[in-house]
Amino acid sequence: MEPVSLHSFVCTLDLASLPRVLRVCSGVYFQGSIYEISGNECCLSTGDLIKVTQVRLQKVVCENPGTGQTMEITPDFHGYFSPLTGRQSYGTLEELLSAATQCSKTLPICFMSTHRITTEARVVPEDQPLKLEAVETHHGTYRARCVLDTETHPFILHLPLSQKGPFWEWKPGAPRPLLKALQDPALSNLLFTCPTLPWRTLILRPQYEVQAIMHMRRTIVKIPSSLEVDVEDVTSSSQHIHFIQPLLLSEALARGGPFPLCMEILEIPEGPSIFLSPWAGSLQKGQKLCIHGLASPPWRVLVSTKGRKIPRHFMVSGAYQGKLRRRPREFPTAYDLLGALQPGQPLRVVATKDCEGEGVESPGFTSLAVGDRLEVLRSGQAHGAEGRDIDVLVCQRLSDKAEEEEEEENEDVEDDDQILLPLYFSGSFVEEMNDSRRYSLEDLTAHFSLPCEVKVVAKDSSHPADPLPSFPGLRLEEKIMEPFLVVSLNSNPEMCFEIPPRWLDLTVVEAEGQPGQPAGPLPVATVEELTDAFYYSLRRLPVFKNQPPPPRPPKSQGLSGQKKQSNKEKSGQSSELLELQQAPLLKPKMQTLPRNAKDSSNTYSKVSGHRKDRRHTKSIIEDGGSCLKPKIITDLDSFVDNDDHDYEEILEQFRNTL
């Protein structure tokens, strides 16, 4: 096959013969190193092989051959098109009419001229379709009444029968739908008429989208038929060529098999690693894998260690066979207590920190001491300060009696024993628990809500390197439903692990050879340690954001409250000073003494007798006067009402001054 343009090949292609293999004979390169525009391929190299699998009609451009005006119609256009066929050449219009009379043709007759026709009214371009409707007498001569399509409305021309051509006659064919008109190769490059469209004649220019497979391209390549590239059909000589098509692990998971699959890694997703397991370093380009199928069960649990300065994070499979024992939970706030409260399950806690009632708006709260036992009852609302309602947690204070006695007395509980804890209350509580049962991970997550704290008392026998029993405590954070694939390395078939395609989507390609099947069950690791970055990215997923944020505590006085309080104190002092000034006074001289010298007993330190002298006392007075406001002294005896301080020298100095 000789090279043809891609558009010509597509227009004459029989869809029943697909797929077809094409070789690019004349490539095209788009400026700017862009290989795709809006998802369509725009750069092909000479020699590339393309396996065309599907051709889809995108749109059809209708062109007016006389004006060059275009309009687009969709493939589902419902109009009918009649092709103008049976071309025959005539020298003049009179010959055209004579041939039509001899063949008993009826008017109108469609024709066109290969040369430009110049008249007094208008110039008719070459190859402009005309329609001869009648022969009329115009100014005493016979003329052909012709209709010319224009952009606005049809234009009437009266051409003499002696008008020279050559003229080509067009015969309208049977009307047919748009797709039928485009699929007939014999109708290509012909004029059509469509009564639904505003133009009498038009040219149909279809635009297709070619869907193809290319070597080492993961997705289907979409090529517009208008791409200026020449191709050659090499289907017959390319039967042995195999197009390698990469795929992602997520695509292999979506296909659902058949498993096992032997794959080779082509590309590792960029970004930080998510697992700290030994097999994570083996996932390199060129490594061959065996995908055994979907992991079961499909759920995992996020686990964090307790009792260490730097916690570690794990993802534990639902198939974990270790045994766990519940540990008392710790609650730093009342809001955490409310989150742990479950209907029908009593929750009793013990306070581990002394808490006073100062700064707490709830009137039903006085204080808590270390060791106080509480039973969380329900949530509610209470009237707080400034007349507003606040959300509280209703708790019952328990005595130190035996549990049997407490259960009998629970029916006659008075409201005076209830404590209302605001949800923002920051205390410290630990759960009261008497559960020594050993649970499996499945039973624990089925009977208790997460998060909860546990201790692994028996490791998973199928996982000899189980690290969880070595930690004093674990916090089960959240249950995740996510599909995993069971994968093993061809170089080490005994190393089996589970990969989440959502977070570790490797690009792979089918490798040669048959994957081997192990004799027994696959030794899959059920505990995988996570990096901190990946763990916190998991905690930001929408599944972990289903709870509202905790309530904000009320605003403290801060600086504004302190300023208001200091202003009140200053106003009280000024009123007191005014009352003192209105009392009958002697006329003492002004001395600068400390403002609180009258009331404070700590203004001066106790001085021994052998160090008393007037020089020392005078220096104290002068130093105080340099930075404190003066105050009028009205009662000198007030300085000597405290026997523990030696103010004799100061008193003597004032008397001498007066």
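**Close-up views of the predicted model**

**View 1. Two separate nonpolar cores.** The largest nonpolar core has 42 residues, and those touching the most other members are L44, I50, F81, L202, L204 and I223. A nonpolar core here is a set of buried Ala, Val, Leu, Ile, Met, Phe, Trp, Tyr and Cys residues joined through side-chain atoms within 4.5 Å. Buried means under 20% relative accessible area, with exposed over 50% and partly exposed in between (1.4 Å probe, protein chains only). Beyond its neighbours within four places in sequence, F81 is in contact (heavy atoms within 4.5 Å) with I73, A174, P175, R176, L178, A181, F192, T193, C194, L197, L202 and L204. The second core, separate from this one, has 33 residues, including L247, I265, F275 and V508.

Before you zoom in further, two notes on the source. This is a predicted model, where local features need pLDDT of at least 70 and side-chain atom pairs count only at pLDDT 80 or more, while totals for chains, interfaces and linings use all residues. Residues are numbered from 1 along each chain as its sequence is written, and side-chain values use heavy atoms, leaving out hydrogens and water.

**View 2. E529 in strand β40.** Look for E529 within residues 527-530, the span of β40; strands (E, at least two residues) and helices (H or I, at least four) are DSSP runs numbered from the N terminus. E529 counts as buried because its relative accessibility is 18%. Its side chain makes a polar contact with the side chain of R312 at 3.0 Å. Such a contact is a pair of N or O atoms within 3.5 Å; within protein, one must be able to donate a hydrogen and the other to accept it, and residues adjacent in sequence count only if both atoms are side-chain atoms.

**View 3. The buried side of helix α8.** In α8 (residues 532-539), F534, Y535 and L538 are buried. They lie on the same side of the helix because they cover an arc of only 100° around the axis, taken from the directions from the helix axis to the C-beta atoms. These residues pack against β23 (299-306), β24 (313-317), β36 (473-481) and β40.

**View 4. The β11-β12 hairpin.** Strands β11 (residues 130-138) and β12 (residues 141-148) run antiparallel and are joined by eight bridges; strands pair if DSSP finds at least two bridges between them. T137 stands opposite Y142. Two residues separate the strands, and H139 in the turn has a positive phi of about 60°.
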